[in-house]
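User: I would like to go through the aromatic rings of this model and to see the reasoning behind each label.

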Amino acid sequence: RCKNLSVSFWNSYWMLPSDVCGMNCFWEAAFRYDYMKTHPSEKMHLAVVACGERLEETVTMLRSAIIFSIKPLQFHIFAEDQLHESFKDILDDFSYEGKVSYTLYPITFPTESAAEWKKLFKPCASQRLFLPLILKNVDSLLYVDTDILFLRPVDDIWSFLGKFNSTQIAAMAPEHEEPRIGWYNRFARHPYYGVTGINSGVMLMNMTRIRRKYFKNDMTPVRLRWGEILMPLLKKYKLNITWGDQDLLNIMFFHNPESLYVFPCQWNYRPDHCIYGSNCKEAEEEGIFILHGNRGVYHDDKQPTFRAVYEAIKNYSFGDNLVHSLLQPLELELRKTTHTYCGRVYKVFIKQLTKSIRDLHARRSKGR
């Protein structure tokens, strides 16, 4: 598998965009691979909640996480009972190369308020709020929505845990970069974090800290723990929130801003970053690291740039040549989307992906 990749990769190496990286990428990736071999660590824990018609989308997200990641991955998949067998059949057929394990969980809410939580925003979406209470033995966790695609190793966003200061318990990206098109600052009827709010589609959590923290709030002068604050928040704001659990997180971090680490927009790149003109400067400079296809853009023709990336990863087979089977066909499809605002900046969609493929090749070459 690696031999085929090696020969074809170097044949096409200099045909790839020259502004992404040069030989420095090879040596940087090789050094990182050496470091990972000599500094073993625990698995990275990734959680997702899947209900309804989200099976294919979730599997595609998991595939993207597997392709480039270095350290072992532990998937925590919360899904409706009728989806469990399908997940098991698909995941057991994946070629993991020994670096992935998974656990399937039922959708569970506190018994006394289960009905209220189930109907909040989209089906099952609020399950994420209870992950620190359910996964009691997991220290840290990366939660992602089903419509996420990783274009670089999960390891790299996982490393933000080491950048938390002593008060920070979670990391998310802003909801908007441009206040003139922001939703929270224009329409919200409840408190929200920062200038434009935060988006919870990619949420990195130190769950040990979350479980230990007492949160300031506007309901009582007494600080409340995570398991104590959720239901009172819902009762107070349920008539004023639009985006369900994300709104509750915004309220929580509005009152506890010292607890949030904010990472740049290329770690949670959504249609809003390009459909009104490009407004994620970090992505323009470095490429997209994590793609978030909200608004259902993977499954309609409104944003063909997003759909092209989704289809490319969905159709990629583990072990195939990443340049010939993923990158080159994707770039051809992206060139067809330049009639759209997102298509005009299509290079940001493959800039980091190209570097990730080169890094992966360097690691494999070093490991032989």
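**Aromatic pairs and their labels**

Analyst: In this predicted model, the structure holds 18 aromatic pairs.

User: Why is the pair of Phe78 and Tyr105 called stacked?

Analyst: The planes of Phe78 and Tyr105 are 10° apart and the centres 4.4 Å apart; because rings pair if their centres lie within 6.5 Å and planes under 30 degrees apart count as stacked, both criteria are met. Phe78 lies in strand S2 (residues 73-79) and Tyr105 in strand S3 (residues 100-105), so the pair ties together parts that are 27 residues apart in sequence. Both Phe78 and Tyr105 are buried.

User: What makes Tyr298 and Tyr310 a stacked pair?

Analyst: For Tyr298 and Tyr310 the values are 4.7 Å centre to centre and 15° between the planes, and because the cut-offs are within 6.5 Å and under 30 degrees, the label stacked follows. This pair links distant parts of the chain, with Tyr298 in the loop between strand S11 (290-292) and helix H13 (304-315), and Tyr310 in helix H13, 12 residues apart.

User: How do you know whether Tyr298 and Tyr310 are buried or exposed?

Analyst: Buried means under 20% relative accessible area; Tyr298 has 1% relative accessibility and therefore counts as buried, and Tyr310, with a relative accessible area of 0%, is buried as well.

User: Which residues do ring pairs link into a cluster, and where does Arg152 lie?

Analyst: The cluster consists of Phe160, Phe164, Tyr261, Phe263, Trp267 and Phe289, linked by ring pairs. Arg152 lies over the face of Phe289, at 4.2 Å from the ring centre.

Key
Residues numbered from 1 in each chain as written. Predicted model: local features only at pLDDT ≥ 70, side-chain atom pairs only at ≥ 80, totals over all residues. Heavy atoms only, no water. Phe/Tyr/Trp six-rings, centres within 6.5 Å; stacked < 30°, edge-to-face > 60°. Helix = DSSP H or I, 4+ residues; strand = E, 2+ residues; numbered from the N terminus. Buried < 20%, exposed > 50% of the residue type's maximum accessible area, 1.4 Å probe, protein only. Lys NZ or Arg CZ within 6 Å of the ring centre and 35° of its normal.
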